[in-house]
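Reader: Could you walk me through the terms used for this model, and show how the values earn them?

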Amino acid sequence: DPNDARTVKDAASPKQVDYQAVYNAIAESLEDEKYDDGSYGPVLVRLAWHCSGTYDKNTGNGGSNGATMRFAPEANHGANAGLEHARNHLEKIKQRFPEITYSDLWTLAGVVAIQELGGPYVPWRAGRKDGNVENCTPDGRLPDGDKGADHIRHIFYRMGMDDKEIVALSGAHALGRCHTDRSGFDGPWQYAPTTFSNEYFRLLFDEKWQERKWNGPPQFENKTDKSLMMLRTDMALTTDPAFRKYSEKYSKDEGAFFSDFSSAFSKLLHLGVPSAQLSEPVSLKKVEDQAP
Ligand code: ZEM
């Protein structure tokens, strides 16, 4: 009955997306023995972070709404080198679920990777809209790995993050590695770079770190076997007293890290998205927690 109010409303509302189905498709796509350490998870987390971390609380622009890294100016920012691997990987998911926006897809993929690689549940809301090239952010809004605590604060305070959130978010370096052909830095932060844990914080304190002598940009190596790395910004989490309060705690208490990371990462993924646009939190179950 076209005069039934419910029918009219349903016809006008946007196409429903089965986000758990999208989640599962991404989860199934993560493992690939030919890619890096065997998983697309880490680079998907980096994409979710870089598409969101451009937010500027003073002007309200930037952030995940818009997915403006699809366009040349932002895709070519030095900080985003290598993220085409993540964007191209997700293009296959977008083709299967064309009704999801890129901005929802990229942030959702970050949640999938954290949850499926052993991390905490991360609250996520849908409703981001894709922007166009005029919405691209200026270069320089993401942090440089060769700088200190002042720089980190300057970048993250602009997003509206505090010291605790900065340290918690940095724990994402449990995942993945640096690539000489992307950032110029080299190597993973921990021995199991496809497992989300507080291992990054434990190693920051339990390993001895020394400057690596090489032709590349300044970074640290662990004395034990020189196979692990830390950036200057990672080391600042132990040398700056306010940061150290949290990094020390997370090195001993994985539960505290998981809880603070979940809140901070969720906040990051929604920065700058008008709340009127966002859905209620979407239940996104880990594959292992779904009924068989
Ligand atoms: Zn990262 N990050 N990051 N980061 N990051 C890299 C890789 C990854 C910094 C940084 O300079 C770099 C956060 C914060 C900060 C991830 C997640 C998050 C790389 C290596 C660099 C240089 C890129 C490459 O060569 O491929 C700095 C300076 C940061 C703050 C001070 C936050 C916050 C993150 C998420 C919450 C992840 C998962 C990777 C690994 C990517 C991969 O491909 O393996």
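Author: Gladly; what follows takes the terms in turn. This is a predicted model, in which local features need pLDDT of at least 70, side-chain atom pairs count only at pLDDT 80 or more, and totals for chains, interfaces and linings use all residues. Residues are numbered from 1 along each chain as its sequence is written, and side-chain values use heavy atoms, with hydrogens and water left out.

Reader: What makes His 173 a donor of the zinc atom?

Author: Donors are N, O and S atoms within 2.8 Å of the metal (3.2 Å for Na, K and Ca). NE2 of His 173 lies at 2.2 Å, so the atom qualifies, and His 173 is the only protein donor. Water is not among the atoms, so sites may look incomplete.

Reader: Why is Lys 34 called exposed?

Author: Exposed means over 50% relative accessible area, buried under 20%, and partly exposed in between (1.4 Å probe, protein chains only). Lys 34 has 75%, so the word fits.

Reader: How do you know that H12 is mostly covered?

Author: Twelve of the 17 residues of H12 are buried, among them Phe 257, Phe 261 and Leu 268.

Reader: What span is expected for H12 (residues 254-270)?

Author: The expected span is 1.5 Å times one less than the number of residues. For the 17 residues of H12 that is 24 Å, and the helix reaches 24 Å from its first C-alpha to its last.

Methods:
Helices (H or I, at least four residues) and strands (E, at least two) are DSSP runs, numbered from the N terminus.
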